[in-house]
Amino acid sequence: MKFNLRIAPLILLLLVFTYSGYAQSKPFTINGLIKGLPDGAKVELVPGATHQDEAPVATATVSQGKFELKGELPEPRLFYIRLTEPRGYYSLMVQSGEITLTGEARLSGNGGNKFYEFEHVVVKGSDAHTKFLQIKAPREMLDSVYMANTNASKEISEKLNAAAKNKDTVLLTSLKETAAYKQMEERESAFFKQVTVTFEKIIHDNKDTWWGPFMALDLYNYFTPKDKPMYEQFSQEAKDSYYGKLLDEQLNPKGFAGQPAPLLDLKASTSIPTDIASLTKGHKYVLVDFWASWCGPCRRAIPAMKNSYAELQAKGVQIVSVSIDKKEADWLKAQKEEQLPWPSFLDKGKTANAWKIRAIPAMFLLDEKGIVVGENLTLEEIQAKMKEN
């Protein structure tokens, strides 16, 4: 077989560019020395700013304050150095190479709410982390403003809390007419305006690179359609980046309508089956309700769901609750308190991600074949839909 030597250099050049177009993962090592951590403490390295429930990519056990975490990545990414029990975490921008992390850990809280706070942390070997701290510096300055406002409003806040605790509505009303209360409201309003301006400037100043969408994901807890103009300001390079694609999915979720229901990886308190086929068998529809013990709106919605349950069952609808609690004990306690009359399960850790749960409560409607026919619905919307059938 003959080979055209005249085009060979061009082919080789194209191969080089094609190959270099794919980011290659490179190894990293994090050597930690955090004084105050007990021997045997478990440390996890968890992807951060993804707005998903991520599994650790590396784990280690602390010995004399030391731990080592290893892995590979194609470019700088944010991770949480996370302690499992008691909990605690530190945000670290990881890049390839050798990274050292030194500092101290202080145990705070009491009872079952103890947690570790990282203090005097020094990171070496990650220029990306240094830049992360520089970009985020204006955000950190807001903490001092918040604390100053809290101290200035301490007296009126304590009076309001006491009146609320005692259910003294007359006193609450009178307190809200005082100058101290109005000054507190003015400080809070000014602070939230300052937060908005600060966040928007940080993101805008980095709109041409992946740092822009990354900072949006790091700064905000959730997104709504109103945030789409923020995404549109980014350069194509920023949109095509790892964090740009994550943010795009947050703002423009593709959804599941017309598709088979996503993965259900659930734990049951009884021997009831947890697969889609078993849950849909004998029912025209299945309402999948995502909730958690700590979710106030979820708990407040349960009485209305109970009141509608008989009517829904008559229409062939079965309710299935899925808790995203991290601790099984919290789920079991809430389940006992609520006395749910329908099947109730605990997410083992993969279900919420598979269903792209961004906020709860979240309700999905499946047909008898397990096909999603409605998503992110309200109870009222489901009741209206049943009247159409």
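Are Cys 295 and Cys 298 buried or exposed? In this predicted model, both cysteines are buried. The two residues are joined by a disulfide, with an S to S distance of 2.2 Å. The torsion about the S-S bond is 75°, and the link of Cys 295 and Cys 298 is accordingly described as right-handed. The count of disulfides in the model comes to one.

An open sheet of four strands was identified, in which the strands follow the order β3-β2-β5-β6 with antiparallel pairing. Strands β3 and β6 form the edges, each pairing on one side only. From one strand to the next, the twist averages 20°. At one end of this order, strand β2 (residues 42-47) pairs with β3 in the antiparallel sense through four bridges. Within this pairing, Leu 45 is placed opposite Ala 58 of β3. At the other end, β5 and β6 are paired, again in the antiparallel sense, over seven bridges. Here Ile 81 stands opposite Tyr 90 in β6.

The side chains of the edge strand β3 (residues 58-61) alternate between two faces. Ala 58 and Ala 60 point to one face and are buried, whereas Thr 59 and Thr 61 point to the other face and are not buried. Ala 58, one of the two buried alanines, is thus also the residue of β3 that stands opposite Leu 45.

Two cis peptide bonds that precede proline were examined. The bond from Glu 85 to Pro 86 is cis, with omega near -10°. Pro 86 belongs to the loop between β5 (77-83) and β6 (88-94), and these two strands are those paired over seven bridges. The bond from Ile 360 to Pro 361 is likewise cis, with omega near 5°. Pro 361 is located in the loop between α13 (351-354) and β13 (362-367).

Positive phi values were found in residues other than glycine. Gln 339 has a positive phi of about 50° although it is not a glycine. This residue lies in the loop that runs between α12 (328-338) and β12 (344-347). With a relative accessible area of 55%, Gln 339 is exposed, because the cut-off for that class is over 50%. For Asn 376, phi is near 50°, also a positive value in a residue that is not glycine. Asn 376, however, is part of strand β14 (residues 372-377). The relative accessibility of Asn 376 is 56%, and the residue therefore counts as exposed.

A search of the whole structure for cavities of 30 Å³ or more returned one. The volume of the largest cavity is about 30 Å³. The lining of this cavity consists of Leu 264, Ile 276, Leu 279, Thr 280, Val 286, Val 288, Val 320 and Leu 366. Both α10 (276-280) and β10 (285-291) supply at least two residues of the lining. Of the elements that contribute, α10 gives the most, with three residues. In terms of residue class, the lining comprises seven nonpolar residues and one polar residue, with no charged residues.

Definitions and conventions:
Residues are numbered from 1 along each chain as its sequence is written. This is a predicted model: local features need pLDDT of at least 70, side-chain atom pairs count only at pLDDT 80 or more; totals for chains, interfaces and linings use all residues. Side-chain values use heavy atoms; hydrogens and water are left out. Buried means under 20% relative accessible area, exposed over 50%, partly exposed in between (1.4 Å probe, protein chains only). Two strands pair if DSSP finds at least two bridges between them. A disulfide is a pair of cysteine sulfur atoms within 2.5 Å. On a 1 Å grid over the protein atoms alone, a cavity is a set of points where a 1.4 Å probe fits but cannot get out, and a pocket is an open set with protein on both sides within 12 Å along at least five of seven lines; lining residues have an atom within 4 Å of a point. Grid points are joined across faces, edges and corners, and a volume is the space filled by probe spheres set on the points. Ala, Val, Leu, Ile, Met, Phe, Trp, Tyr, Cys and Pro count as nonpolar, Asp, Glu, Lys and Arg as charged, and the others, Gly among them, as polar. Axes are lines fitted to C-alpha atoms, for helices over the stretch in contact, and angles run from 0 to 180 degrees between N-to-C directions.
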